[in-house]
Amino acid sequence: MAPVAPRTGDAIFANIERVNAELFTLTYGAIVRQLLTDLEEVDEVNKQLDQMGYNIGIRLIDEFLAKSNVSRCVDFRETADVIAKVGFKMFLGVTASVTNWDAEGTTCSIILEDNPLVDFVELPDNYQGLYYCNILSGVIRGALDMVSMKAEVTWLRDALRGDDVFELQVKLLKQVPEEYPYKDD
Ligand code: MYR
């Protein structure tokens with residue numbers, strides 16, 4: 001019988017990570033499928049996924065700030081970079097790039113070439129209006145809301161609809177100045 005090669009700790013952890021990622025992807029797929037069954041209308045499912053993402057985003061920001069050690073961003077450009085490079089890495093295991101800035105520095109695109117949410121996914125023709133990854137736009141909107149940035153997040157490109165990449169447009173609508181709650185006097 002061939003000897004069984006012992007697996008190193010790294011190999012075991014890599015395997016656990018892969019299984020976790022697959023489980024996450026499949027679980028998300030099951031949620032979307034259930035919403036499609038329950039709500040029937042694709043537009044309603046899009047709204048629901050966005051809302052679920054928003055609810056996650058407003059909670060996830062605490063974990064993000066605690067774990068990432070990022071300090072306050074000086075402007076929205078830096079915030080967008082942090083989302084793409086640190087946020088996506090932390091919660092999805094991939095990094096994204098930021099591009100297409102407008103002149104004011106308030107609108108940009110986050111481009112996702114690698115998107116683990118859509119592994120194993122193919123949209124049937126009758127679901128072409130579905131924004132399958134709408135949970136992500138909601139997460140970003142919710143997280144930004146919690147750091148006093150009201151934003152609109154829209155899908156411009158979607159690889160499940162035949163585009164080459166996923167592109168999310170993030171538009172900063174309003175930055176609410178944060179007030180220190182106590183007066184120094
Ligand atoms: C600041 O306080 O100025 C820093 C703000 C950083 C906001 C980062 C939001 C992270 C959102 C993670 C999105 C993950 C999507 C999978």
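# Briefing on a predicted single-chain model with a ligand

Setting aside residues up to four places away in sequence, Ile-140 touches Gly-57, Ile-83, Val-153 and Val-170. Ile-140 is part of helix 4, and the structure described here is a predicted model. The chain contains 4 helices and 4 strands, which follow one another from the N terminus as α-α-α-β-β-α-β-β. The points below cover the chain as a whole, the sheet, the nonpolar core, the surroundings of the ligand and some individual loop residues.

**The chain as a whole**

- The chain has 185 residues, of which 24% are buried.
- Of the contacts between residues at least 6 apart in sequence, 58% link residues at least 24 apart.

**The sheet**

- Four strands form an open sheet in the order 1-2-4-3, and their pairing is antiparallel.
- Strand 1 (97–99) and strand 3 are the edge strands, each of them pairing on one side only.
- From one strand to the next, the twist averages 30°.
- Helix 4 packs on this sheet, where it touches strand 3 and strand 4, and its direction makes about 160° with that of strand 3.
- Strand 2 (residues 107–112) runs antiparallel to strand 4 (residues 166–175), and 6 bridges join the two.
- Within this pairing, Cys-108 has Val-170 of strand 4 as its bridge partner.
- Strand 4 also pairs with strand 3 (residues 149–157), again in the antiparallel sense, over 8 bridges.
- Ala-151 has Leu-172 of strand 4 as its bridge partner, and Val-153 stands opposite Val-170 in strand 4.
- In a regular strand, side chains alternate between the two faces of the sheet.

**The nonpolar core**

- The largest nonpolar core has 30 residues, and those touching the most other members are Ala-80, Ile-110, Cys-133, Ile-140 and Val-170.
- Two or more residues of this core come from each of helix 2, helix 3, strand 2, helix 4, strand 3 and strand 4.
- Helix 4 makes the greatest contribution to this core, with 6 residues.
- Ile-140 counts as buried because it has 22 C-beta neighbours inside 10 Å, and a residue needs 20 or more to be placed in that class.
- Ile-140 and Ala-84 are 56 residues apart along the chain, and their C-alpha atoms are separated by 10 Å.
- Ile-110 touches Ala-80, Ile-83, Ala-84, Ala-96, Val-98, Leu-168 and Val-170, when residues up to four places away in sequence are not counted.
- Ile-83 and Val-170 are touched by Ile-110 and also by Ile-140.

**The surroundings of the ligand**

- The shell around the ligand holds 17 residues, and Cys-73, Gly-87, Phe-91, Ala-143 and Val-147 come nearest.
- Helix 2 (42–68), helix 3 (76–92) and helix 4 (134–146) each provide at least two residues of this shell.
- The largest share, 7 residues, is supplied by helix 3.
- Sorted by class, the shell has 14 nonpolar, 2 polar and 1 charged residues.
- Helix 2, helix 3 and helix 4 thus appear in the ligand shell and also among the elements that give two or more residues to the largest nonpolar core.

**Residues in the loops**

- Thr-106 is placed in the loop between strand 1 and strand 2.
- Thr-106 is partly exposed, because 17 other C-beta atoms lie within 10 Å.
- The contacts of Thr-106 are Phe-76, Lys-171 and Leu-172, with residues up to four places away in sequence left out.
- Thr-106 and Asp-125 are 19 residues apart in sequence, and the distance between them in space is 35 Å, C-alpha to C-alpha.
- Asn-100 is also found in the loop between strand 1 and strand 2, and it counts as exposed because it has 12 C-beta neighbours inside 10 Å.
- Phe-120 is found in the loop between strand 2 and helix 4, and its 8 C-beta neighbours inside 10 Å are why it counts as exposed.
- Most residues other than glycine have a negative phi.
- Asn-100, which is not a glycine, nevertheless has a positive phi of about 55°.
- Phe-120 is likewise not a glycine and has a positive phi of about 70°.

Notes:
Residues are numbered from 1 along each chain as its sequence is written. This is a predicted model: local features need pLDDT of at least 70, side-chain atom pairs count only at pLDDT 80 or more; totals for chains, interfaces and linings use all residues. A residue is near a molecule or strand if its C-beta atom, placed from the backbone, lies within 6 Å of it. Ala, Val, Leu, Ile, Met, Phe, Trp, Tyr, Cys and Pro count as nonpolar, Asp, Glu, Lys and Arg as charged, and the others, Gly among them, as polar. Two strands pair if DSSP finds at least two bridges between them. A nonpolar core is a set of buried Ala, Val, Leu, Ile, Met, Phe, Trp, Tyr and Cys residues joined through C-beta atoms within 7 Å. Two residues are in contact if their C-beta atoms, placed from the backbone, lie within 7 Å. Axes are lines fitted to C-alpha atoms, for helices over the stretch in contact, and angles run from 0 to 180 degrees between N-to-C directions.
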